[in-house]
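Biologist: I would like to learn how to read the sheets and the pockets of a model like this one. Could you take me through them one feature at a time?

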Amino acid sequence: MQRIVSLWFPHLPIERLKRALMAKGLSSPLLSAHVPFVLVTPGARGLRLAACNDEARARGLQPGERLADARAKVPDLASAVHEPTGDAASLLRMARWAERWSPWVAMDPPDGLLLDVTGVAHLFGGEAMLVADMTGRFGKLNVTARAGLAGTAPAARAIARFGQLGSPIVAEGAERTALATLPVEALDLDADTVMTLRRAGLKRIGQLYDVPRASLARRFRAKDRHARLMERLDASLGLTQTPLSPLSPPVEFAVRHSVMEPLKSHDGVLAMLEHLT
């Protein structure tokens, strides 16, 4: 059975900038854990928050707020411009580095990775030790990483981002049970779809299991949103396949030799196979 690890870096923009400043020996409010700091990006009606450090979040700030509103709440707020291209480059470097655990590593932008670890865990002492090694090694690089391991990529992603800390591993075939208590947002749905489901009283993934699909479809004006919901639900539960596109394609070992005449004897075929191998 396939086993997939999802790695999520919830503080990637802030931590990337912090590492860059420390490497250059520069001083900045960002380097103090007690100073509220945000990264901002252009948005509707002015600058909006793209990322917040822990102190800013503790004071009630969230990504998506207008910077002007945030400064009204937190007058001593420090800020810098968000650079998503730098985040993307950093994520790519981390993906290459993550190939130490699996040759099959895929990007999950803007702040995650997916690793196919099927048949790999025993090399690291089992799945629990494999996950601990991943989060521990990233931690030594001053990168906060949360992990989820399941039989499908969407389920692993949901566990990494919405699961309980300390319970990152879903047993084989247990995706249905593990996802049941998670919020519908864990299916990676757009805001309108989430709002539609919540208005219908469907707040947890498990509540979707027994709802007739035709009945659910009638709640959506846009049929593509209902199709996306069903696609994500089925993929999470392993009812459909979700192929990963690895950074490095698998190595193919092949050799070929042409002969002038057809091989007609058993010995001739064996001789050629020995030559090729």
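**Reading the sheets and the largest pocket**

Modeller: Let us start with one pair of strands in this predicted model: strand β2 (residues 37-43) and β3 run antiparallel and are joined by six bridges. Within that pair, Val-38 has Cys-52 in β3 as its bridge partner.

Biologist: In what order do the strands of that sheet stand, and is the sheet open or closed?

Modeller: The general idea is that strands of a sheet pair through backbone hydrogen bonds, either parallel or antiparallel. Here three strands form an open sheet in the order β3-β2-β4, with mixed pairing. Because β3 and β4 (78-81) each have a single partner strand, they stand at the edges, and one side of each is left without a neighbour in the sheet. On average, neighbouring strands of this sheet are turned by 45° against each other, direction ignored. Helix α1 packs on the sheet, where α1 touches β2, β3 and β4, and its direction makes about 115° with that of β2.

Biologist: Which strands form the sheet of four, and how are they paired?

Modeller: That open sheet has the order β5-β6-β1-β7, and its pairing is antiparallel. The edges are taken by β5 (105-108) and β7 (146-150), each with a single partner strand, so one side of each is left without a neighbour in the sheet. The average turn between neighbouring strands of this sheet is 20°, direction ignored. If you look at β5 and strand β6 (residues 112-116), you will find that four bridges join them, and that Ala-106 stands opposite Leu-114 in β6.

Biologist: Which strands does α4 lie across, and which does helix α5 lie across?

Modeller: α4 lies across β5 and β6, running at about 160° to β5, while helix α5 (residues 127-140) lies across β1 (4-8), β6 and β7, running at about 155° to β7.

Biologist: What volume does the largest pocket have, and which residues are the closest to its centre?

Modeller: In general, rolling a probe the size of a water molecule over the atoms shows where empty space is left. In this model the largest pocket has a volume of about 410 Å³. It is lined by 22 residues, of which Pro-10, Pro-13, Ala-50, Pro-110 and Asp-111 are the closest to its centre.

Biologist: Which elements supply the lining, and what is its chemical character?

Modeller: At least two residues each come from α1 (12-24), β3 (46-52), α4 (84-97) and α6 (153-162), and the largest share, four residues, comes from α4. By character, the lining divides into 15 nonpolar, two polar and five charged residues.

Conventions:
Residues numbered from 1 in each chain as written. Predicted model: local features only at pLDDT ≥ 70, side-chain atom pairs only at ≥ 80, totals over all residues. Heavy atoms only, no water. 1 Å grid on protein atoms, 1.4 Å probe; cavity = no way out; pocket = protein on both sides within 12 Å on 5 of 7 lines; lining within 4 Å. Points joined across faces, edges and corners; volume = space filled by probe spheres on them. Nonpolar A, V, L, I, M, F, W, Y, C, P; charged D, E, K, R; others polar. Pairing = 2+ DSSP bridges. Axes fitted to C-alpha atoms, helices over the stretch in contact; angles between N-to-C directions. Contact = heavy atoms within 4.5 Å.
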